[in-house]
Amino acid sequence: MTAEPFGRLDTDVKVREQMLPYCRLKPGDIWIDSISGHRVGVLDAAAPGHIRKMFETEKATLAIQDPPYNVAVGTDNTQNLFKRDLADYIDWSICWVENNLAVLSQDASIYIWLGADQREHFQPLPDFMLLMRRYPELVSRSFITMRNQRGYGTQKNWMAVRQECLYYTKGSPCFDVQAEYTDIPKILRGYYKEVDGRKTENLERGKSDNIRAGNVWVDIQQVFYRLHENVPGCYAQKPLKCIERIVRASSRKGDLIADFFSHSGTTLIAGEINERRVFTCDIDPIFAELTIRRLEHYRKTGKTGFQFGNPFPEIAVTRERRELADNAISPEKTRHIQTALF
Ligand SMILES: C[S@@+](CC[C@H](N)C(=O)[O-])C[C@H]1O[C@@H](n2cnc3c(N)ncnc32)[C@H](O)[C@@H]1O
């Protein structure tokens, strides 16, 4: 039996009905954090008025966006409910990308996580890349791939284990690659080069014993229920490590970061830990509430998530509910969906 108290919070109608009265924000509301100045809203990323309301006259130097990917995988047919027609998805993406442009400062970075459906000509990734060409102020900088431990499609295809992240800049924002070494030790020798007339090899030339992050990230643990950072019910949670890597490389202390698809609040926690302010929102009041609770829990306990604890103690976790979570949306399956869907 799974240790998670409940399953996917977007589709479990019964749990949602019980949780909604305990969500402090209603659609359109914005919570302002009195300690670090973060903001969390129940807002629509695609609605210009919503994003304007959250930012007022403030500008962000970094945006980290992790929208729904429009990709359904595995055997869970409910995922198809979330799929839109590709043209629709791109029209919707144009709205939230333009809302980003409206709040980015003159020198800024934007990172966008996306999926590519290998059964449907890799949509929406290539279409999204093309749409980004509309904005001459954005310069394409890197195409990051993060490796997931779990994948799908091993029997008749290469196992799909990748998550894609596009990196663009506007103006000349900061970039501190020195902050970003992996914890993978350098073990391969070679790559000789002459320095001051002496032949040196890469291990002695490098400043660190570890490998730099580069744009293929193989050192990041996917979130599952045994990790402290886990937020139960959040089927699409990104590992804190990958978001902190972006935060540290592409922003400075005191900077403002935008995230329009908060979900479990990973960007908010990364900002809090690294002394950046974060303005974030989710269209779903339950995820906005979880985002605020995760921050409060972090401040109280120093833990970055709830592991398999219950972030909504107002809702009784019965054995039946745990079994339901296990059958319908076990962590294994949930994360399996996450790899491609979100
Ligand atoms: C992939 S998840 C983001 C995961 C997040 N990075 C994390 O680590 O927890 C996408 C989120 O976008 C939210 N969402 C979907 N459409 C939205 C919209 N139009 N405006 C704001 N949020 C939206 C969903 O409710 C979901 O929580």
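Helices and strands are DSSP runs, numbered from the N terminus, with at least four residues for a helix and at least two for a strand. By that count, N70 belongs to neither: its place is in the loop between β3 and α3. The model described here is predicted. N70 has a positive phi of about 65 degrees, although it is not a glycine. A residue is buried if 20 or more other C-beta atoms lie within 10 Å of its own. N70 has 26 such neighbours and therefore counts as buried.

The chain as a whole holds ten helices and 15 strands. Of its 342 residues, 40% are buried. Contacts across the sequence are prominent in the count. Among contacts with a separation of 6 or more, 73% join residues 24 or more positions apart.

The loop that holds N70 also holds R84, between β3 (60-65) and α3 (86-103). R84 touches N70 and Y89, with residues up to four places away in sequence not counted. Y69 lies 15 residues from R84 in sequence, and their C-alpha atoms are 9.9 Å apart in space. R84 has 13 other C-beta atoms within 10 Å, so R84 is partly exposed.

Helix α3 packs with helix α4 (residues 125-132). Their axes come within 10 Å and cross at roughly 40 degrees. The two helices are therefore oblique to each other. Their crossing is right-handed. On the α3 side, the contact is made by L86, I90, S93 and I94; on the α4 side, by D127, F128 and L131. By class, these residues divide into five nonpolar, one polar and one charged.

A cis peptide bond runs from Q123 to P124, with omega near 0 degrees. P124 itself is found in strand β6 (residues 123-124).

Helix α6 (residues 240-250) is mostly covered, with eight of its eleven residues buried. The buried residues are L240, C242, I243, E244, R245, I246, V247 and S250. Their cover includes several strands and one helix: β3, β4 (104-114), β7 (139-152), β13 (216-217), β14 (256-259) and α7.

N274 also meets residues of this region. N274 is found in the loop between α7 and β15 (277-282). Leaving aside neighbours within four places in sequence, N274 is in contact with E244, V247 and R248. Two of these contacts, E244 and V247, are listed among the buried residues of α6. N274 and R248 are 26 residues apart along the chain, yet 7.4 Å separates their C-alpha atoms. N274 counts as partly exposed because 18 C-beta neighbours lie inside 10 Å.

Helix α7 (residues 266-273) packs with helix α8 (residues 285-301) at an angle of about 30 degrees, and the axes are 9 Å apart. That angle makes α7 roughly parallel to α8. The crossing of α7 past α8 is right-handed. L268, I269 and E272 in α7 meet T291, R294, L295 and Y298 in α8. The residues of this contact comprise four nonpolar, one polar and two charged.

The ligand has 21 residues around it, of which K238, F261, H263, S264 and T266 come nearest. By class, the shell has twelve nonpolar, four polar and five charged residues.

Two further loop residues lie on either side of β11. D196 has its place in the loop between β10 (193-195) and β11. Like N70, D196 is not a glycine but has a positive phi, here of about 50 degrees. Its surroundings are another matter. D196 has 5 C-beta neighbours inside 10 Å and so counts as exposed.

E201 lies in the loop between β11 (198-200) and α5 (202-205). A residue with 12 or fewer such neighbours is exposed. E201 has 12 C-beta neighbours inside 10 Å, so E201 counts as exposed. Beyond neighbours within four places in sequence, E201 is in contact with R189, G190, Y191 and Y192. Of these, R189 is twelve residues from E201 in sequence, with 6.9 Å between the two C-alpha atoms.

Conventions. Residues are numbered from 1 along each chain as its sequence is written. This is a predicted model: local features need pLDDT of at least 70, side-chain atom pairs count only at pLDDT 80 or more; totals for chains, interfaces and linings use all residues. A residue is near a molecule or strand if its C-beta atom, placed from the backbone, lies within 6 Å of it. Ala, Val, Leu, Ile, Met, Phe, Trp, Tyr, Cys and Pro count as nonpolar, Asp, Glu, Lys and Arg as charged, and the others, Gly among them, as polar. Axes are lines fitted to C-alpha atoms, for helices over the stretch in contact, and angles run from 0 to 180 degrees between N-to-C directions. Angles under 35 degrees count as roughly parallel, over 145 as roughly antiparallel, 65 to 115 as roughly perpendicular and the rest as oblique. A crossing is left-handed if the near helix is turned anticlockwise from the far one by less than a right angle, and right-handed if clockwise. Two residues are in contact if their C-beta atoms, placed from the backbone, lie within 7 Å.
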